[in-house]
Amino acid sequence: MVHHAPTENNPDPLASSTEKATMDGVNDPNPNAQGNHPDYEKLTIYVGEADQWQGRPVHLALIQEARRLGIVGATAVRGATGYGKNNEERVMLLGIIELSSDLPMVLTFIDRREKIDQLLPIVQQAVQGGIVLRDQVEVVVHT
């Protein structure tokens, strides 16, 4: 996990004012007029560990961009193995040892719809081989 939200007893001194403002509504007991919690979205990105963008690994570049934009939460997870559209044939031809140099990476970003909207154009530039999913989510607990 790249960022842990502050708690009342342990404020995060590194959180920007934008992040603090964004996080304030997460546990808000007052739903909006439609009776739903505020709109939060999850952006999930599947890329290869060796994928590059602007001279950096895509997964690291996107985590840094999300932090710059004040996205509330970001996580990068390395998969043990996997395949996708661009490397399915390689899986059949190469052994697991060869694949370990380009393991799958799963990036997850969670924030309000407006913040995900700000990150999405960067994601679309950076992800040349992979898949990007966008889901509306209900944040139940954020501690």
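1. In this predicted model, helix H2, spanning residues 58-69, packs with helix H5, spanning residues 113-126, at an angle of about 155°, and their axes lie 10 Å apart. Because angles over 145 degrees count as roughly antiparallel, H2 is roughly antiparallel to H5. The handedness of the H2 and H5 crossing is right-handed.

2. The residues that form this helix pair's contact can be named on each side. H2 contributes Val58, Leu62, Glu65, Ala66, Arg68 and Leu69. On the H5 side, the partners are Lys115, Gln118, Leu119, Ile122, Val123 and Ala126. By class, the contact of H2 with H5 comprises 8 nonpolar residues, 1 polar residue and 3 charged residues.

3. Concerning the overall fold, the protein contains 5 helices and 6 strands. Their order along the sequence is α-β-β-β-α-β-α-α-β-α-β. The pattern thus opens with a helix and ends with a strand.

4. As to contacts across the chain, consider those in the protein between residues at least 6 apart in sequence: 76% of them join residues at least 24 apart.

5. On burial and surface, the protein has 143 residues, of which 35% are buried. The area that the protein exposes is about 8,900 Å². Carbon and sulfur atoms supply 52% of that exposed area.

Notes:
Residues are numbered from 1 along each chain as its sequence is written. This is a predicted model: local features need pLDDT of at least 70, side-chain atom pairs count only at pLDDT 80 or more; totals for chains, interfaces and linings use all residues. Side-chain values use heavy atoms; hydrogens and water are left out. Axes are lines fitted to C-alpha atoms, for helices over the stretch in contact, and angles run from 0 to 180 degrees between N-to-C directions. Helices (H or I, at least four residues) and strands (E, at least two) are DSSP runs, numbered from the N terminus. Angles under 35 degrees count as roughly parallel, over 145 as roughly antiparallel, 65 to 115 as roughly perpendicular and the rest as oblique. A crossing is left-handed if the near helix is turned anticlockwise from the far one by less than a right angle, and right-handed if clockwise. Contact means heavy atoms within 4.5 Å. Ala, Val, Leu, Ile, Met, Phe, Trp, Tyr, Cys and Pro count as nonpolar, Asp, Glu, Lys and Arg as charged, and the others, Gly among them, as polar. Buried means under 20% relative accessible area, exposed over 50%, partly exposed in between (1.4 Å probe, protein chains only). Accessible areas come from the Shrake-Rupley method with a 1.4 Å probe; for residues, only the protein chains shown count as cover.
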